[in-house]
Each structure stands twice: as structure tokens, then as C-alpha cells.
Amino acid sequence: MTATKSDLVLENQEDVRNVQLLKERLAPLLGKGRRRKVRLDAAAVERVDASALQLLAAFALALQSQKRELEWHEPSPAFVRAVHGLGLGSTLGLLADVAR
């Protein structure tokens with residue numbers, strides 16, 4: 001099995017203190033002419049707050065409007081718990097059985 005490179009690796013703490021930086025890192029991935037799938041790596045996420053998840057949800061919806069897909073690489077248990085805690089599993093494309 002070959003590893004697929006992620007388009008963006010999330011930091012171990014994604015919160016209100018760095019949400020603007022996350023927005024700046026996500027913005028180029030919305031450009032036209034990009035690949036159909038965008039892959040984000042959430043393996044190292046230890047803490048994520050509502051502001052970062054809201055931004056990621058808006059990003060996911062923007063991709064959907066472009067007929068593109070968001071794919072996750074090994075989302076950490078903390079990330080998955082936070083996503084489902086805010087009811088964003090469907091929006092972010094993380095099924096409940098992804099949680100470890």
C-alpha cells in the first residue's frame with residue numbers, strides 16, 4: 001500500500017489562538033484547478049476547539065460547493081471526539097466508527 005501525501009498537516013493544538021493561521025493555510029487549497037480530493041492529516045491533534053472546527057466545517061462545505069472531497073489521514077481520537085461532540089461528523093466526513 002502506498003502512502004498518499006497530505007495537503008495539510010494540522011498542528012497538535014488547533015484553537016482560537018491560531019485559527020487565523022489555519023485559515024491562511026487552508027485558503028490555497030480552495031483554488032481552482034486543484035485536485036478533486038483534499039487530504040488533511042489530523043493524526044497529531046491533541047486539542048481542537050470550536051473555532052477551528054467551525055473553520056474546518058466551512059472549508060469542507062466550500063469544497064463540496066466545488067464538487068470536491070475532503071479526506072482525512074488518521075484523525076486522532078481527540079480530534080474525532082471533538083468533531084462528534086459538536087455534531088460535525090457528517091459535515092467533516094468523519095464517521096462515528098473512525099473513533100478509536
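In the predicted model, L56 is in contact with L10, L22, L26, L40, W72, F79 and L92 when its neighbours within four places in sequence are left aside. Several of these residues recur in the description of the largest nonpolar core, which comprises 26 residues and in which L10, L26, L40, L56, W72, F79 and L92 have the most contacts. Two or more residues are given to this core by each of helix 1, strand 3, helix 2, strand 5 and helix 3 (77-85), and the largest share, eight residues, is supplied by helix 2.

The strands considered here form an open sheet of three, arranged in the order 1-3-5 with parallel pairing. Strand 1 (8-9) and strand 5 (69-73) are the edge strands, each of them pairing on one side only. Between strand 3 (residues 37-41) and strand 5, the parallel pairing extends over five bridges, and K37 has E69 of strand 5 as its bridge partner. Helix 2 (residues 50-65) packs on the sheet, where it touches both strand 3 and strand 5, and the direction of helix 2 makes about 135 degrees with that of strand 5.

A polar site is found at D15, which is located in the loop connecting strand 2 (13-14) to helix 1 (19-26). Because its relative accessibility is 3%, D15 counts as buried, the cut-off for this class being under 20%. The side chain of D15 makes a polar contact, at 2.9 Å, with the side chain of R47. Apart from residues up to four places away in sequence, D15 touches D49, S51 and A52 in addition to R47.

Key. Residues are numbered from 1 along each chain as its sequence is written. This is a predicted model: local features need pLDDT of at least 70, side-chain atom pairs count only at pLDDT 80 or more; totals for chains, interfaces and linings use all residues. Side-chain values use heavy atoms; hydrogens and water are left out. Helices (H or I, at least four residues) and strands (E, at least two) are DSSP runs, numbered from the N terminus. Buried means under 20% relative accessible area, exposed over 50%, partly exposed in between (1.4 Å probe, protein chains only). A polar contact is a pair of N or O atoms within 3.5 Å; within protein, one must be able to donate a hydrogen and the other to accept it, and residues adjacent in sequence count only if both atoms are side-chain atoms. Contact means heavy atoms within 4.5 Å. Two strands pair if DSSP finds at least two bridges between them. Axes are lines fitted to C-alpha atoms, for helices over the stretch in contact, and angles run from 0 to 180 degrees between N-to-C directions. A nonpolar core is a set of buried Ala, Val, Leu, Ile, Met, Phe, Trp, Tyr and Cys residues joined through side-chain atoms within 4.5 Å.
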